[in-house]
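Grab a pencil and work through these exercises with the model open beside you. Each one has a task and then a solution in steps.

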Amino acid sequence: MPRARDGEREARRKHRRVDCKLLAQDGESVERSQVETTDGRAAPEESPSFSSSSPKDSTGSDAEDPKDFKDNFRRIKARYAANRPNDAAQVRRESKDCCNLTVETEFCDIDDGSSRSCKAQKVALLASRSVVSLASFSDEKRIRVCSGCVIPSKGTTDTAKILTSATLVRVLNANNSVIPDVKIKVCLPNAHILDGSISMVDFHYNIAVVEVKYDQKLPEAILVSDVIKRGAVLAIGRFYDHGGVMCAQGKLRKEASTFECSELLVSSCRTTMAGVGGPLVNSDGHVVGLNFYREKHTPFISTSVILRCLKHWRKYGEIIRPWLGIKYTPLEMLPIRVLERCAYAGKDG
């Protein structure tokens, strides 16, 4: 019986060591599964897989003293933490003394491997060539981060125009004024950082155009002039800190935006503040709107409105908004009770 129990203990001890390789360092070894977990963090000092038996079992085989093991584990963990590269420091674009006031986070929901996400990835890769990230600075402080897209421009080939949201340059505590002495940095898809200058700002429609000079022709987005009413869409952005593309998929919703603007449409894409100013694209990768942000949906302004604004700016140097005393709302946004009155207006009975 003692031999049988010794054999069972030996089998359990070997079973615990299955698929574990020893890491030898400074003459000390520890199992890989005891050093770190799969997500890169150090494993707890006491794990259910660790044996609490005496240094020698009844078979006479050597076993490491638990106290020595813990000491070795702490030293290896300290060495690992000291040698682990600081990814945040490697991708930081600003100087060390720069203070960031932004709280933007990433978004992406097309990496689950489904067939729908695979199709979305193809469209996103096609459209992302013209998507950039922008950051506004003032007094060595990063104020805001937005996304944007390169739009067609006439003139010199070394100047590119980027469509984004006026939120990028808006003063934090004011509604319709530009940040004093604002500086703009633009992160291109190839991770190059360029200085940008404001070409146009309109706080009414919350759009802005930033110009950058570059020695190469940047890919330009295709803007659709028609108002999109249905179908699947993708909200695309680019994250400033590492320059990676972000994408969220969704569909158009027939509902009014919480911004209380009759010209804003709504999609079901779930984004973050980092996606503000980024393009909303259709299944062909063509831009159908410019995204804003809300927690449960994404309001956007149609490219039909944006193209009209850009045309006015080129022709008049401002955006013309005649006031006729008439308020209009798209039929798709009207409640059913209003549509019923309109449908049967003037009919008897």
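Two strands pair if DSSP finds at least two bridges between them. Strands (E, at least two residues) and helices (H or I, at least four) are DSSP runs, numbered from the N terminus. One caution before you start: this is a predicted model, where local features need pLDDT of at least 70 and side-chain atom pairs count only at pLDDT 80 or more, while totals for chains, interfaces and linings use all residues. Residues are numbered from 1 along each chain as its sequence is written, and side-chain values use heavy atoms, with hydrogens and water left out.

**Exercise 1. Work out which strands β15 is joined to, and how covered β15 is.**

Step 1. Start with β12 (residues 264-267), which runs antiparallel to β15 and is joined to it by four bridges. To find the register, look at L265: its bridge partner in β15 is F300.

Step 2. Now try β14 (residues 287-291), also antiparallel to β15, with three bridges between them. Here L290 has I301 as its partner in β15. Trace the chain from β14 to β15 and you'll see a hairpin with six residues in between.

Step 3. Check the cover. Buried means under 20% relative accessible area, exposed means over 50%, and partly exposed is in between (1.4 Å probe, protein chains only). By that yardstick, five of the five residues of β15 (residues 298-302) are buried.

**Exercise 2. Find the strands that pair with β9, then say how enclosed β9 is.**

Step 1. β6 is joined to β9 by seven bridges, in the antiparallel sense. Within this pairing, I162 sits opposite V210 of β9.

Step 2. β8 pairs with β9 too, antiparallel and over six bridges. D202 has I207 of β9 as its bridge partner.

Step 3. Look at the turn. β8 and β9 make a hairpin with four residues between the strands, and N206 there takes a positive phi near 60°.

Step 4. Count the cover: β9 is largely enclosed by the rest of the structure, because five of its seven residues are buried.

**Exercise 3. Go through three of the salt bridges and say which parts of the chain each one ties together.**

Step 1. Set the rule: a salt bridge is a side-chain nitrogen of Lys or Arg within 4 Å of a carboxyl oxygen of Asp or Glu. A search of the whole structure turns up four.

Step 2. Take R142 and D241, whose closest N and O atoms are 2.9 Å apart. R142 belongs to strand β5 (residues 141-151) and D241 to the loop between β10 and β11, so the pair ties together parts that are 99 residues apart in sequence. R142 counts as buried because its relative accessibility is 5%, whereas D241 is partly exposed at 24%.

Step 3. Next come K161 and E211, at 2.4 Å from N to O. K161 is in β6 (residues 159-165) and E211 in β9 (residues 207-213), so this salt bridge ties together parts that are 50 residues apart in sequence. K161 is partly exposed, at 22%, and E211 is partly exposed as well, at 24%.

Step 4. Finish with D195 and K185, where the closest N and O atoms are 2.5 Å apart. D195 lies in β8 (residues 193-202) and K185 in β7 (residues 183-187), so the parts tied together are ten residues apart in sequence. D195 is exposed at 53%, while K185 is partly exposed at 30%.

**Exercise 4. Which residues other than glycine have a positive phi in the loops on either side of β7?**

Step 1. Recall the background: most residues other than glycine have a negative phi.

Step 2. In the loop between β6 and β7 you'll find D181, with a phi near 55°. D181 is exposed, because its relative accessible area is 68%.

Step 3. In the loop between β7 and β8, pick out A191, whose phi is about 75°. A191 is partly exposed, at 33%.

**Exercise 5. Locate G231 and give its C-alpha separation from S267.**

Step 1. G231 is in the loop between β9 and β10 and is partly exposed, with a relative accessible area of 37%.

Step 2. Jump 36 residues along the chain to S267: the two C-alpha atoms are separated by 9.9 Å.
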